[in-house]
Amino acid sequence: MGPPIRVCVVIPESEAEAFSHALVLARKAPILETKGGGKGKTQIAIFPDLTASLAVVVPLIGELTNLPGARVTVDERQVSSLTRFWTALICYQESLAEPNPHEHCLRFSARLNQFGGCPDQACLSPCQFICTRCIGLATGKGGRSLEAQLADLARQAEVDWCPNLGLSDRNDASGSRRLS
């Protein structure tokens, strides 16, 4: 298994009910900081090891999907869709209950392929969240490898951080992470 995945959650103070629920969960973070003051006050919850904190991070991100202005980074990369990230977190959490988490992912990906995935071939992706997005990918299209194209799709789907996906820590020439 690779290095721990670091998640940082920025929660702007708000009158919204989701804020109070998020704050209760954020207080369980290994590191909690308060920044700013007045209306610009934010709480920053830092989880240095996502896998060790999944029981808190999953419901916290769920609350943040209802809180305008909330932001999350995964290993310093800004999450663009909290809803997609939350769905991927739930899947990752479920996979850890399996004897072989990677097989869990392949099973879900294959099931989606069976119901409308890649029409002329087996799915090229080991993840259900990028399976239906890989239609049209082919080695050599656009001068980029299939692995680089799938890595880009994984970022768009908010699953590039997932250890089950098998992204390596090495970068290709474009600075993108590569599938191992």
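# Notebook: a walk from Ser 81 through the fold

**Entry 1, Ser 81.** I began at one small spot, where the backbone nitrogen of Arg 84 lies 3.1 Å from a polar atom of the side chain of Ser 81. The model I am reading is a predicted one. Where does Ser 81 sit? I found it in the loop between strand E5 (77–78) and helix H3. Next I asked whether Ser 81 is buried or exposed. Its relative accessibility is 14%, and the cut-off for buried is under 20%, so Ser 81 counts as buried.

**Entry 2, helix H3.** From that loop I moved on to H3, which covers residues 82–95. I checked its length against expectation: at 1.5 Å a residue, its 14 residues should span 20 Å. The end C-alpha atoms are 20 Å apart, which agrees. Then I listed the buried residues of H3, and they are Leu 82, Phe 85, Ala 88, Leu 89, Cys 91, Tyr 92 and Ser 95.

**Entry 3, the whole protein.** Time to step back. How many helices and strands are there? I noted six helices and seven strands. Following the sequence, I wrote the pattern down as β-α-β-β-α-β-β-α-α-α-α-β-β. The protein has 180 residues, and 45% of them count as buried. About 9,300 Å² is exposed, with carbon and sulfur atoms supplying 53% of that area. I also looked at contacts between residues at least 6 apart in sequence, and 53% of these join residues at least 24 apart.

**Entry 4, the sheet.** In what order do the strands of the open sheet lie? I traced five strands as E2-E3-E1-E4-E5, with antiparallel pairing. E2 and E5 stand at the edges with a single partner strand each, so one side of each has no neighbour in the sheet. As a reminder to myself, strands of a sheet pair through backbone hydrogen bonds, either parallel or antiparallel.

At the E5 edge, I saw that two bridges join E5 to strand E4 (residues 71–74), and the two run antiparallel. Here Val 74 stands opposite Arg 77 in E5.

At the E2 edge, I counted five bridges between E2 and E3, again in the antiparallel sense. Lys 35 is placed opposite Thr 42 in E3. These two strands make a hairpin with six residues between them, and in this hairpin Gly 36 takes a positive phi near 75 degrees.

**Entry 5, helix H1.** Which residues of H1 (residues 17–26) are buried? My list reads Ala 18, Phe 19, Ala 22, Leu 23, Leu 25 and Ala 26. Around the axis they cover an arc of only 160 degrees, which puts them on the same side of H1. I then looked for what covers them, and the cover includes strands E1 (7–12), E2 (31–35) and E3 (42–47), along with helix H2 (54–64).

**Entry 6, Pro 30.** My last stop was the loop between H1 and E2, where Pro 30 lies. Is Pro 30 buried or exposed? Its relative accessibility is 53%, and exposed means over 50%, so Pro 30 counts as exposed. Which residues does Pro 30 touch, once its neighbours within four places in sequence are left aside? I found contacts with Ile 46, Phe 47, Pro 48 and Ser 53. I looked up Phe 47 in particular: it is 17 residues from Pro 30 in sequence, and the two are 6.0 Å apart in space, C-alpha to C-alpha.

Key. Residues numbered from 1 in each chain as written. Predicted model: local features only at pLDDT ≥ 70, side-chain atom pairs only at ≥ 80, totals over all residues. Heavy atoms only, no water. Buried < 20%, exposed > 50% of the residue type's maximum accessible area, 1.4 Å probe, protein only. Arc of directions from axis to C-beta. Contact = heavy atoms within 4.5 Å. Expected span 1.5 Å × (residues − 1). Pairing = 2+ DSSP bridges. Polar contact = N/O pair within 3.5 Å; in protein donor to acceptor, adjacent residues only side chain to side chain. Areas by Shrake-Rupley, 256 points an atom, 1.4 Å probe, with all protein chains shown as cover.
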